[in-house]
Amino acid sequence: MSESVDPSRPSSGTTVSAPPVAGGRGAVDPHAFGPGRHLRTRGKVLPEHARGHNRSLVLQTLYHEGAMSRADLSRKTGLTRVTISDLVAEFIADGIIVEKGIRETSGPGKPPILIDIDRTGHRIVGLDLSGPGVFEGALLSLDGEVLERLETARPHGGDAAYEAVRALASELVALSPVPVLGIGVGAPGIVRPDGVVLSSPNLDWTDFPLERLLGAALDLPVLVRNDANAAVLAEYTFGAANSDTLLVRVGRGVGAGLISGSQPLLGSRFAAGEIGHVVVGTDGGPLCVCGKRGCLEAWLSATRLRERLEAAADDEARDGVLRDAGTRLAVGVAPIVAALDLSEIVLSGPADLLDGVLVDAARSTLLARTLAGVFDDVAIRMTTQEDIVLRGAAVMVLSSQLGVS
């Protein structure tokens with residue numbers, strides 16, 4: 001749990017632990033977003049960083065718990081009322097927080113004024129570049145609700161692909177009746193934290209500075225991340241993901257996003273979760289687009305699975321195809337589960353392919369390939385979220401611009 005530092009308190013460097021925001025999942029406000037999730041540092045905050053940390057703490061508390069008074073906010077965050085008053089005044093001036101009216105009370109004294117994040121005052125643009133035939137885009141509310149949706153045909157790659165992305169983002173920005181907080185992009189391939197797409201064969205991009213180019217073209221904050229990394233953020237913030245989760249995204253390719261200890265895990269090469277080209281067996285297997293045989297993607301991608309299912313002679317043969325794919329998936333992820341002590345595997349992709357026979361085979365194989373009595377309770381389940389990459393793109397913007405996760 002993050003610790004809050006209040007610069008208005010004595011200068012002894014005392015830190016005050018923030019109260020739990022990640023309690024039960026019951027909503028206390030119809031506009032609340034559910035439990036607070038922490039993707040920021042868990043260590044002590046240096047005094048010079050205190051104001052930024054406290055800004056994020058205030059916004060995160062309001063975002064997840066809904067409207068409350070300044071006094072309530074002080075109690076929830078552990079910050080003094082003076083600090084809360086200063087921060088709230090600043091946020092109101094910036095158009096981030098609004099006063100919602102007076103709370104009804106039967107007791108004596110002046111009734112408190114409720115404040116909340118201005119949930120209708122901004123929009124977020126999300127883009128998903130991972131589809132096989134189209135780029136998808138959406139205008140989203142601050143709670144990740146898709147309000148407008150557009151798509152455009154996916155060019156082969158290179159400059160044409162960038163121009164299609166820029167035009168789609170520009171059209172979505174123009175649709176917004178209120179200011180756009182930022183643009184989040186989920187892209188296939190390996191993406192550096194500064195938004196440079198190091199490698200995306202499907203888009204023919206190498207060392208491509210998508211974040212910088214798009215930000216300059218649209219004059220808005222832009223965040224670009226790998227599509228699976230975006231998806232796991234959506235599952236963590238808006239869904240039911242635990243603090244140690246592997247989300248496997250199955251589509252044209254296969255990739256994964258990781259949350260470990262409530263923190264996104266990218267790796268030193270920014271390639272954590274690139275499991276699609278791990279060879280899952282020593283028995284050969286289908287030829288992968290990368291040139292190797294038996295890669296997980298060659299067994300599990302939606303395109304390959306549908307091809308093999310269409311070629312199957314009967315229902316029994318089709319079930320065999322799905323069982324084999326589920327087994328290969330578990331072979332690939334079992335070492336990751338053991339190495340990181342993960343709690344669950346979440347699958348995102350076509351439910352008609354993944355749910356049922358395939359998931360059941362993956363569960364039984366994972367159980368057989370991990371230490372008995374230790375990993376028996378690791379869950380493998382389908383996500384219930386639609387538009388998971390687009391919603392993850394919204395989380396990226398919320399985290400960057402408001403410190404909300």
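Which residue in β18 does valine 346 stand opposite? The answer is arginine 381, and the strands around that pair are a good way into this fold.

## The overall picture

Keep in mind that this is a predicted model. The protein chain comes out with twelve helices and 18 strands. It has 405 residues, and 51% of them count as buried.

There's a fair amount of long-range contact here too. Take the contacts between residues at least 6 apart in sequence: 62% of those join residues at least 24 apart.

## The five-stranded sheet

Back to that opening pair. Valine 346 sits in β17 (residues 344–348), and β17 belongs to an open sheet of five strands, ordered β16-β15-β14-β17-β18 with mixed pairing. The edges are taken by β16 (263–264) and β18, each of which pairs on one side only. Helix α6 (residues 227–237) packs on this sheet and touches β14, β15 (254–260), β17 and β18. The direction of α6 makes about 45° with that of β15.

Now for the two neighbours of β17. With β14 (residues 245–250), β17 pairs in the parallel sense over five bridges, and threonine 245 stands opposite glutamate 344 there. With β18 (residues 379–382), β17 also runs parallel, joined by four bridges.

## How enclosed is β17?

In a regular strand, side chains alternate between the two faces of the sheet. For β17, one side carries Glu344, Val346 and Ser348, while Ile345 and Leu347 are on the other, and all of these are buried. Buried means under 20% relative accessible area, and five of the five residues of β17 meet that, so the strand is largely enclosed by the rest of the structure. Note that the buried set includes Glu344 and Ser348 as well as Val346 on that one face.

## The three-stranded sheet

A second open sheet has three strands in the order β3-β5-β4, and its pairing is antiparallel. Here β3 (68–69) and β4 (97–102) are the edge strands; each has a single partner strand, so one side of each is left without a neighbour in the sheet.

Between β4 and β5 (residues 113–117) there are five bridges, and the two run antiparallel. One of the pairings puts isoleucine 102 with isoleucine 113 as its bridge partner in β5. Helix α1 (residues 50–65) packs on this sheet, touching β3, β4 and β5, and its direction makes about 95° with that of β5.

## Helix α9 and its two partners

Helix α9 (residues 315–340) packs against α8 (residues 302–311): their axes come within 8 Å and cross at roughly 155°. Angles over 145 degrees count as roughly antiparallel, so that is what α8 is to α9. The crossing is right-handed. On the α8 side you'll find Leu305, Arg308 and Leu309, and they meet Arg318, Val321, Leu322 and Ala325 in α9. By class, that contact has five nonpolar, no polar and two charged residues.

The other partner is α11 (residues 357–369), which packs with α9 at an angle of about 40°, the axes being 7 Å apart. That angle makes α9 oblique to α11. This crossing is right-handed as well. The α9 residues in the contact include Leu322, Ala325, Leu329 and Val333, and those from α11 include Val357, Leu358, Ala361 and Leu366. Sorted by class, the contact of α9 with α11 has 13 nonpolar, three polar and three charged residues.

## Two residues to look up

Aspartate 360 has its place in helix α11. Is aspartate 360 buried or exposed? Neither label fits: at 45% relative accessibility, aspartate 360 counts as partly exposed. Glycine 326 is 34 residues away in sequence, but the C-alpha to C-alpha distance between aspartate 360 and glycine 326 is 7.5 Å.

Histidine 156 is found in the loop between β8 (146–153) and α4 (158–175). At 70% relative accessibility, histidine 156 counts as exposed. Leaving aside residues up to four places away in sequence, histidine 156 touches Asn202 and Leu203. As for aspartate 204, it is 48 residues from histidine 156 in sequence, with 7.6 Å between the two C-alpha atoms.

Note on methods: Residues are numbered from 1 along each chain as its sequence is written. This is a predicted model: local features need pLDDT of at least 70, side-chain atom pairs count only at pLDDT 80 or more; totals for chains, interfaces and linings use all residues. Side-chain values use heavy atoms; hydrogens and water are left out. Buried means under 20% relative accessible area, exposed over 50%, partly exposed in between (1.4 Å probe, protein chains only). Two strands pair if DSSP finds at least two bridges between them. Contact means heavy atoms within 4.5 Å. Axes are lines fitted to C-alpha atoms, for helices over the stretch in contact, and angles run from 0 to 180 degrees between N-to-C directions. Angles under 35 degrees count as roughly parallel, over 145 as roughly antiparallel, 65 to 115 as roughly perpendicular and the rest as oblique. A crossing is left-handed if the near helix is turned anticlockwise from the far one by less than a right angle, and right-handed if clockwise. Ala, Val, Leu, Ile, Met, Phe, Trp, Tyr, Cys and Pro count as nonpolar, Asp, Glu, Lys and Arg as charged, and the others, Gly among them, as polar.
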